[in-house]
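Here's a quick tour of one model, with a look at how its strands line up and at its cysteine chemistry. Have the structure open as you read.

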Amino acid sequence: SATFVFDSSAPVSGVALPQTGAVINTLTALSGTIADQPLANPSSLADLSLRMKRLSDNKYWPGTQGAPWNAGVTTLGAGYADLFLSSWSFIASHLPLPSDLNSGTSYYVTVAGSDGALGGGNTEAFDSPRGSTFTWDVTSPQTSVVHPLSGGYRNAVSSFGGTGYDYVVISTVQLSLRDAALPAPNCYDPAANNFTAACPNWFGSYGSTRDWTFSFAATPFTQAHFYILSSSAQDKAGNWQSALSSAGFTYDVQAPTAAVATIASGFLNPTQLAFVGTSTDAPAGINSFRLALSSGGALGNWLNGGNAFTDAAPFFFAASNYTPGVSPAHDAWDWTYPVALSDGQSYVLRVQLADRALNARNQDFTFLYDATPPVASIAAPANVSYLKGTITISGGSSDPAPAGLGASQVSTVSISIRNQ
C-alpha cells in the first residue's frame, strides 16, 4: 500500500516590506510571507518568483544592480530570494541601489510562490492583491514664506502663511520665530505666547502642507522689534528640507508725526512765503507726505488745484521740497503755498502722513494770517518839548485788524532815541 496527499492548491504569498502605500527613502529589505495550501496538510515550498515594475514607464527590474530596467516582463525566480518556513526575503545583493530608483516614482512588487507537489508543483498567479505599491522619494521638500514679505514693516501680524512642495507629499511643516531685538533665549513659545524659548523652537503650522498658515490669538509682538520667521518641512519618506526658508519683518504700530516751525506761534506774516517743518517716524520711516489748506476751520473751504478755497473735502498738495533723514530722527520739508492769503483770516494747515508700515495720521495746525503791521504812538514827552531831570517816555500800541477778523496783537514795542 502507499499513502499520498493530493495537492492542487498553490501557495499564498504576499509582500510585507515595503508596505503598500509607503513612501520611502531607503530600500534595505524586500520581504514578505508565504504559506502552502491547504494549511491542514501542506506540501513543501519550492520556490518564490518576484516582479518589480516601475509604474512611470512599466519597465521591470532586471535583478542586477546598476543595470538598465527591462522593457519586457521580467520574472526573478530561483536564486533571488531566500525561502523560510512561512516567509521569504529578497537577497540584498539583488535589491536596486538608490541610483537605480527614480525619486518621486512609484513601483509595484508582486510575488508568486510554488510548492513541491510532484508533477511540476502548483504555482501561484502573479498580481494578487497581496502585492505592494511603494513610492521612492529622496528629494527634500521645500517651503516658502508668502506673508509677511521679507524686509518689510508690519503694523498688524495676525497670521503667517506660505506654501510647501514635494515630489510626493509633505508630512509636516514646522516654523520657528525669533525676536532679534532680544537676547537669547529669544524664540517664540506658542504655549506662553512670548519669546523665551531656546532657538530654534519649532512648532507646527495649520492648514494643508501645500498652503500652510499659523494664527495668533493675541499679538506677541513689540514696537520696533525685528522678527525672523523660518520654515522647514519633512516629507512622508522622512526627508527634511535642506535649506530653511525665512522672512524678516519689523513690527511698527506708531503713526508718524509732523511739526511746522513756521507757524509754531500760531501766526503767519507776509514775509513767510512757505511752511517749513519736520516729520518723524521710526522705525519704518515716512512713505507719503501731503498737505492741504482750509480757510473754513477744516470744515470746508479747502484750497483746490485752481487756487480757490472752494472744495468741501481736502485737496492735497505735495511738498515743494522733502529731504529724508536730515537727522537720525527727522525728515525736513517745506511747502510754498500757491495763493495769496487774506489778512486777519484764520486757516488750518492739514498734514497727512503715512509710514512704510501703513500707519497714517492727519495733523491739523491752526494759524492766523496777519499782514497789517502794528502801530505805536508816543504820548510823552510831547513833540518839540524841552525837558530836564528824569524823563519818562510813554505811549500806546495797537495791532489793527480788518473788520470782523482777527489780528495777532502786539508782541513787543521797541524805542529808539537819537541825539540831534
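In what order do the four strands of the open sheet run, and with which pairing? The order is 10-12-18-17, and the pairing is antiparallel. Keep in mind that this is a predicted model.

At the edges of that sheet sit strand 10 (142-147) and strand 17 (206-207), each with a pairing partner on one side only. Further in, strand 12 (residues 159-165) runs antiparallel to strand 18 (residues 211-215), and five bridges link the two. If you want a spot to look at in this pair, try G162, which stands opposite W212 of strand 18.

Now for the cysteines. Searching the whole structure turns up one disulfide. Its partners are C187 and C199, with an S to S distance of 2.1 Å. The link between C187 and C199 is right-handed, at 115° about the S-S bond. C187 belongs to strand 14 (residues 187-189), while C199 is in the loop between strand 15 (194-197) and strand 16 (203-204), so the bond ties together parts twelve residues apart in sequence.

How do the two cysteines fare for burial? Here they are side by side:

| Residue | Relative accessibility | Class |
|---|---|---|
| C187 | 2% | buried |
| C199 | 37% | partly exposed |

C187 counts as buried because its 2% is under the 20% cut-off. C199, at 37%, counts as partly exposed because that class covers values between 20% and 50%.

Note on methods:
Residues numbered from 1 in each chain as written. Predicted model: local features only at pLDDT ≥ 70, side-chain atom pairs only at ≥ 80, totals over all residues. Heavy atoms only, no water. Disulfide = S-S within 2.5 Å. Buried < 20%, exposed > 50% of the residue type's maximum accessible area, 1.4 Å probe, protein only. Pairing = 2+ DSSP bridges.
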